[in-house]
Every structure is written in structure tokens, then in C-alpha cells.
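This report describes how the helices of a small set of contacts fit together. Please keep the sequence and the structure in view while reading.

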Amino acid sequence: MSSSTPERLAYMANQIARNLAHEPDTVAAVARHIHDFWSPRMIAQALALGGAGLDPAARDALARIAANAAAT
């Protein structure tokens, strides 16, 4: 499976959220990690999921990334 399939991206985002759950602001930490380490293409594909298959922190982090992108 390619690392950029929607299912794989959802898995990766959920894994990041679980690993950063100890952070005071988990959503911000997940958003920062995804923004810093994922390619724009990966982010766009993850946003296209519309939240499907994502844990709440991962879903909210991607929504935050989308909102920040729209604001710029």
C-alpha cells in the first residue's frame, strides 16, 4: 500500500494523534506535526477524507490546517 492512499493517511494521522495525546493541546500538536512533515499533496489528500476514518484529534487538526490555509 502506498503511503499516500487515503486509508494510509488516515491511519498515519490517527497514529500521530495517539502519540501526541499527552500534549496540553493535542490538536495543535498534531496540526503542527502534519504541517511540518507532510507534503502539500498528502495534506490535500487527507483533507479530502472529510474526516472519514479519523480520530477526533486528527480530524480537528486537519480542520485547523484547512482553516489556516484558507485564512492565508
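## Contact and the residue Trp38

Two residues are said to be in contact when heavy atoms of theirs lie within 4.5 Å. The model discussed here is predicted. Which residues does Trp38 touch, not counting residues up to four places away in sequence? They are Leu9, Met12, Ala13, Ile16, His33, Ile43 and Ala46.

## The nonpolar core

Trp38 also belongs to the largest nonpolar core, a group of 23 residues. Together with Val30, Ile34 and Leu54, Trp38 is among the residues with the most contacts inside this core. In soluble globular proteins, nonpolar side chains tend to be buried together.

Which helices supply at least two residues each to this core? Helix H1 (6-19), H2, helix H3 (40-47) and H4 each do so. H1 gives the most, with six residues.

## Helices H1 and H2

The axes of H1 and H2 are 9 Å apart, and the two helices pack at an angle of about 130°. H1 is therefore oblique to H2. The crossing in which H1 passes H2 is right-handed.

On the side of H1, the residues that meet H2 are Ala13, Ile16 and Ala17. On the side of H2, their partners are Thr26, Val30, His33 and Ile34. Sorted by character, the residues of this contact comprise five nonpolar, two polar and no charged.

## Helices H2 and H4

Helix H2 (residues 26-37) also packs with helix H4 (residues 56-71), at an angle of about 60° and with the axes 8 Å apart. H2 and H4 are therefore oblique to each other. Their crossing is right-handed.

H2 contributes Thr26, Val27, Ala28, Val30, Ala31, Ile34 and His35 to the contact. H4 contributes Ala57, Ala58, Asp60, Ala61, Leu62, Arg64 and Ile65. How many residues of the contact of H2 with H4 are nonpolar, polar and charged? Ten are nonpolar, two are polar and two are charged.

## Thr26 in helix H2

Thr26 lies in helix H2 and takes part in the contact of H2 with H1 as well as in that of H2 with H4. Is Thr26 buried or exposed? Buried means under 20% relative accessible area, and Thr26 has a relative accessible area of 17%, so Thr26 is buried. Not counting residues up to four places away in sequence, Thr26 touches Ala17, Leu20, Ala21 and Ala57.

## Asn14 and Asp55

Asn14 is a residue of helix H1. Its relative accessibility is 8%, and therefore Asn14 counts as buried. Leaving aside its neighbours within four places in sequence, Asn14 is in contact with Gly53, Leu54, Asp55 and Ala58. One of these, Leu54, is among the residues with the most contacts inside the largest nonpolar core.

Another of these partners, Asp55, is found in the loop between H3 and H4. Asp55 has a relative accessible area of 29%, so this residue is partly exposed. Not counting residues up to four places away in sequence, Asp55 touches Asn14 and Arg18. The C-alpha atoms of Asp55 and Tyr11 are separated by 9.3 Å, although these residues are 44 residues apart along the chain.

## Glu7 and Arg8

Glu7 lies in helix H1, as does Arg8. Why does Glu7 count as exposed? Exposed means over 50% relative accessible area, and Glu7 is at 58% relative accessibility, so Glu7 counts as exposed. Arg8 is at 32% relative accessibility and therefore counts as partly exposed.

Two distances place these residues along the chain and in space. Glu7 and Leu49 are 42 residues apart along the chain, and their C-alpha atoms are separated by 8.8 Å. Arg8 and Leu20 are twelve residues apart along the chain, and their C-alpha atoms are separated by 18 Å.

Methods. Residues are numbered from 1 along each chain as its sequence is written. This is a predicted model: local features need pLDDT of at least 70, side-chain atom pairs count only at pLDDT 80 or more; totals for chains, interfaces and linings use all residues. Side-chain values use heavy atoms; hydrogens and water are left out. Axes are lines fitted to C-alpha atoms, for helices over the stretch in contact, and angles run from 0 to 180 degrees between N-to-C directions. Helices (H or I, at least four residues) and strands (E, at least two) are DSSP runs, numbered from the N terminus. Angles under 35 degrees count as roughly parallel, over 145 as roughly antiparallel, 65 to 115 as roughly perpendicular and the rest as oblique. A crossing is left-handed if the near helix is turned anticlockwise from the far one by less than a right angle, and right-handed if clockwise. Ala, Val, Leu, Ile, Met, Phe, Trp, Tyr, Cys and Pro count as nonpolar, Asp, Glu, Lys and Arg as charged, and the others, Gly among them, as polar. A nonpolar core is a set of buried Ala, Val, Leu, Ile, Met, Phe, Trp, Tyr and Cys residues joined through side-chain atoms within 4.5 Å. Buried means under 20% relative accessible area, exposed over 50%, partly exposed in between (1.4 Å probe, protein chains only).
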